[in-house]
Amino acid sequence: MSQPPGFVDTNLPSHVCKLRKALYGLKQAPRAWYKELSSFLLSQGFLNATSDASLFISTFGRNVIYFLVYVDDLIVTGNNSSLVMQFIATLARRFSVKDLGSLHYFLAVEVIPTTTGLFLLQHHYIRDLLLKAKMDGAKEYLNLTRPDISFAVNKLSQFMHKPSESHWQALKRLLRYLKGTLYFGLHLSRRSSHRLYAFSDADWVGNLDDRKSTTAYVVYLGGNLISWSSGKQRSVARSSTEAEYRAIATTTAEIAWIQSLLRELGISLSGPPLISCDNIGATFYCANPVLHSRMKHIDIDFQFVRDRVNNGLIQVSHVSTVDQLADALTKPLPCLRFQLLRSKIGVSDGTTVLRGRKREPSSKEIISSSTQSSAISHQSQP
């Protein structure tokens with residue numbers, strides 16, 4: 001560093017200012033780092049995915065490398081281990097990076113390899129959260145009556161600007177549930193099926209404060225849960241059919257993005273995606289405009305669902321309420337019903353997976369090491 005032109009101290013011309021803030025903490029630093037990194041990747045034959053700006057893909061014949069970047073945390077994976085290691089060596093010659101070996105921790109998500117795939121969980125992150133809230137000694141809450149965490153977080157986030165005592169009690173209830181399910185996570189297994197399907201649901205006027213409905217969906221690829229959401233709709237629905245149709249529209253938009261991403265990853269689907277909904281009226285309206293008089297007030301943006309159905313890009317079918325998996329993300333449920341849907345969704349107990357494993361570094365240790373330089377994790381197979 002040197003003194004900037006026009007501000008040179010004539011008495012101490014060789015002195016420089018003491019840096020009080022890390023450079024990567026500045027707002028323009030991530031943008032500059034991404035520009036430099038992306039330029040290097042493009043020069044190495046990578047293509048930037050249009051569906052996700054943080055994803056870069058390189059294809060060499062039958063060999064493929066996927067490169068995912070989040071600020072200074074990087075993931076490299078491919079179907080050729082030697083080719084992946086060669087690329088990491090090339091990357092290390094250009095940038096100061098630290099190879100963390102096989103992927104085990106990324107953005108507070110722990111990745112544990114199993115004999116059939118990968119198990120994803122966040123028990124270190126939850127422990128830190130409980131310590132921060134001084135609830136690490138709290139008793140486990142076993143009689144949960146609220147639905148999945150996504151729904152609980154969605155409800156609590158609506159009152160963050162002015163929380164009351166009841167909201168704090170609900171938050172502590174959620175933290176107790178997290179403590180009781182500390183080792184629960186998602187198991188992604190190797191499957192030959194590339195079938196994409198989703199469950200879409202809505203709780204009509206379920207919010208007692210503003211009478212808005214809650215939209216939720218869960219999306220699966222080959223039996224693995226890959227995307228989910230729970231959120232309040234922007235406007236009040238005049239009927240349950242309208243609320244359910246808006247949920248289908250939101251699910252369709254997510255599936256359209258996933259289809260685009262899968263195409264760039266070189267993954268072909270076995271057929272058009274299927275969306276399951278437990279409302280007959282909304283299901284019929286996706287393909288048949290006979291209910292137009294009841295639904296003509298809906299914004300034109302939502303009509304793209306029927307266009308995609310007519311073009312054969314997606315399918316919408318009816319499913320009974322008993323088999324509606326997204327039900328756990330829209331409303332409070334009895335304990336047994338919630339636990340049943342939780343297992344069907346794909347959230348399972350990973351205690352047996354973690355048993356006998358060596359101690360993984362805590363999140364604080366990992367964050368401390370990753371901030372020293374860019375960190376790379378890699379997998380031998382995508």
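Pro273 counts as buried, because its relative accessibility is 1%. This value, like the others in this report, is computed from a predicted model. Pro273 sits in the loop that runs between helix H6 (240-264) and strand S13 (274-277). Leaving aside residues up to four places away in sequence, Pro273 touches Leu196, Ile255, Gln259, Leu313, Ile314 and Gln315. Its C-alpha atom is separated by 9.3 Å from that of Thr252, a residue 21 places away along the chain.

A second buried residue is Cys286, which counts as such because its relative accessibility is 1%. With a disulfide taken as a pair of cysteine sulfur atoms within 2.5 Å, the count for the model comes to 0 disulfides. Cys286 is accordingly in no disulfide, and the nearest cysteine sulfur, which belongs to Cys277, is 7.2 Å away.

Turning to helix H2, its 14 residues (residues 81-94) should span 20 Å at 1.5 Å a residue, and the C-alpha atoms at its ends are 20 Å apart, so the expected and computed spans agree. The buried residues of H2 are Val84, Phe87, Ile88 and Leu91. These residues cover an arc of only 105 degrees around the axis, and therefore they lie on the same side of H2. The face turned away from this buried side carries the exposed residues Gln86 and Arg93.

Among the sheets, an open one of 5 strands follows the order S6-S7-S8-S9-S15, and its pairing is antiparallel. Strand S6 (105-106) and strand S15 (347-349) are the edge strands, each of them pairing on one side only. Strand S9 (residues 184-189) pairs with S15 in the antiparallel sense over 3 bridges, and within this part of the sheet Phe184 stands opposite Asp349 in S15.

The following table gathers values for the whole protein chain.

| Property of the protein chain | Value |
|---|---|
| Helices and strands | 12 helices and 16 strands |
| Buried share of the 382 residues | 41% |
| Accessible surface | about 21500 Å² |
| Carbon and sulfur share of the accessible surface | 56% |

To these chain-wide values can be added one on contacts: among those between residues at least 6 apart in sequence, 67% join residues at least 24 apart.

Key. Residues are numbered from 1 along each chain as its sequence is written. This is a predicted model: local features need pLDDT of at least 70, side-chain atom pairs count only at pLDDT 80 or more; totals for chains, interfaces and linings use all residues. Side-chain values use heavy atoms; hydrogens and water are left out. Buried means under 20% relative accessible area, exposed over 50%, partly exposed in between (1.4 Å probe, protein chains only). Two strands pair if DSSP finds at least two bridges between them. Helices (H or I, at least four residues) and strands (E, at least two) are DSSP runs, numbered from the N terminus. The expected span of a helix is 1.5 Å times one less than its number of residues. The arc is that of the directions from the helix axis to the C-beta atoms. Contact means heavy atoms within 4.5 Å. Accessible areas come from the Shrake-Rupley method with a 1.4 Å probe; for residues, only the protein chains shown count as cover.
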